[in-house]
Amino acid sequence: MNCEVCQLKELEVEHFEIREVLRCILHTIVFHRALGLVRPKDVDLELFEITYVQCGDVELEKKIDEKIDHFISWVEKHPNKKSQICLSFYEVKSKQPSWFTNKTERLYWEQWYINLNVTQHPKHHSSKSHHTKLVVDPGESATEERSSRRAMVEASLREVLFQIIKFVNEKKDHVPPISEGVIYFPYEITIPRKFQ
């Protein structure tokens with residue numbers, strides 16, 4: 001089976017934007033690959049004029065938030081580095097048992113690479129706040145620069161969301177058959193390995 005790979009456009013974000021941006025992207029992908037009955041839940045971003053849809057599953061939200069927390073910890077230890085988070089879908093196949101192998105294996109059929117360039121702009125933002133606030137230089141030019149930057153990030157995030165929708169609509173042949181009673185394909189979210 002071939003594994004389809006989607007490299008999403010790189011987004012340049014500030015540290016305080018990571019959580020919202022990743023939630024939006026990861027939930028959008030999982031929602032579009034969900035099977036069976038889900039309870040769609042609209043979510044409005046606080047930092048951007050964007051609404052996305054979640055599957056409405058508390059356990060799924062917890063797993064995604066946990067991985068985002070790990071990613072944010074990695075970013076804090078490695079500031080100003082480009083980074084990538086990968087969402088992989090797979091199916092579990094039974095193997096012929098032998099002395100030295102597992103009885104199951106993961107066959108990856110789709111991988112999404114989310115590319116972030118986390119930049120630091122300390123003079124514009126208080127790190128304790130979840131919302132944007134000007135800490136120093138509240139002058140007009142700083143406000144204009146901030147809103148211009150926010151509009152650029154928002155436009156880039158919209159491009160990524162359209163990229164996701166285009167990919168899921170065009171690439172369907174590699175998706176494995178649906179097992180009865182399964183709502184989500186098995187998936188894993190990986191962050192930069194050597195620093196997990």
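What follows is a conversation between a trainee and a mentor about a predicted model of a protein.

Trainee: What is the mean pLDDT of the protein, and where is confidence highest?

Mentor: The model is predicted, and 81% of the residues of the protein reach a pLDDT of 70 or more, with a mean of 82. Over residues 123–135 the pLDDT is below 50, although this stretch has 29 contacts in the model beyond near neighbours in sequence. Confidence is lowest in strand E5 (residues 82–94), at a mean of 87, and the highest value, 94, belongs to helix H1 (residues 18–32).

Trainee: Which pattern do the helices and strands follow along the sequence?

Mentor: The protein has three helices and seven strands. Reading along the sequence, one meets them in the order β-β-α-β-β-α-β-β-α-β.

Trainee: What percentage of the contacts with a separation of 6 or more is accounted for by residues 24 or more positions apart?

Mentor: A contact here means heavy atoms within 4.5 Å. Among the contacts in the protein with a separation of 6 or more, the share that comes from residues 24 or more positions apart is 73%.

Trainee: How many disulfides does a search of the whole structure find?

Mentor: A disulfide is a covalent bond between the sulfur atoms of two cysteines, and the search asks for sulfur atoms within 2.5 Å. The sulfur of cysteine 86 has its closest cysteine sulfur in cysteine 3, at 8.2 Å, which is too far for a bond. For the whole structure, the number of disulfides found is zero.

Trainee: Is cysteine 86 buried or exposed?

Mentor: A residue counts as buried when its relative accessible area is under 20%. Cysteine 24 meets this with a relative accessible area of 0%. Because cysteine 86 has a relative accessible area of 5%, cysteine 86 is likewise buried.

Trainee: Why is the pair of phenylalanine 71 and tryptophan 74 described as stacked, and at what angle are the planes?

Mentor: The structure holds four aromatic pairs, among them phenylalanine 71 and tryptophan 74, whose ring centres are 6.4 Å apart. The two residues are three residues apart in helix H2 (residues 58–77), so about one helical turn separates them, and both are buried. Planes under 30 degrees apart count as stacked, and this pair is stacked because its planes are at 25°.

Trainee: How much area does the protein expose, and what percentage of it do carbon and sulfur atoms supply?

Mentor: Of the 196 residues in the protein, 41% are buried. The protein exposes about 11700 Å², and the part of this area supplied by carbon and sulfur atoms is 50%.

Technical notes. Residues numbered from 1 in each chain as written. Predicted model: local features only at pLDDT ≥ 70, side-chain atom pairs only at ≥ 80, totals over all residues. Heavy atoms only, no water. pLDDT = per-residue confidence, 0-100. Helix = DSSP H or I, 4+ residues; strand = E, 2+ residues; numbered from the N terminus. Buried < 20%, exposed > 50% of the residue type's maximum accessible area, 1.4 Å probe, protein only. Areas by Shrake-Rupley, 256 points an atom, 1.4 Å probe, with all protein chains shown as cover. Phe/Tyr/Trp six-rings, centres within 6.5 Å; stacked < 30°, edge-to-face > 60°.
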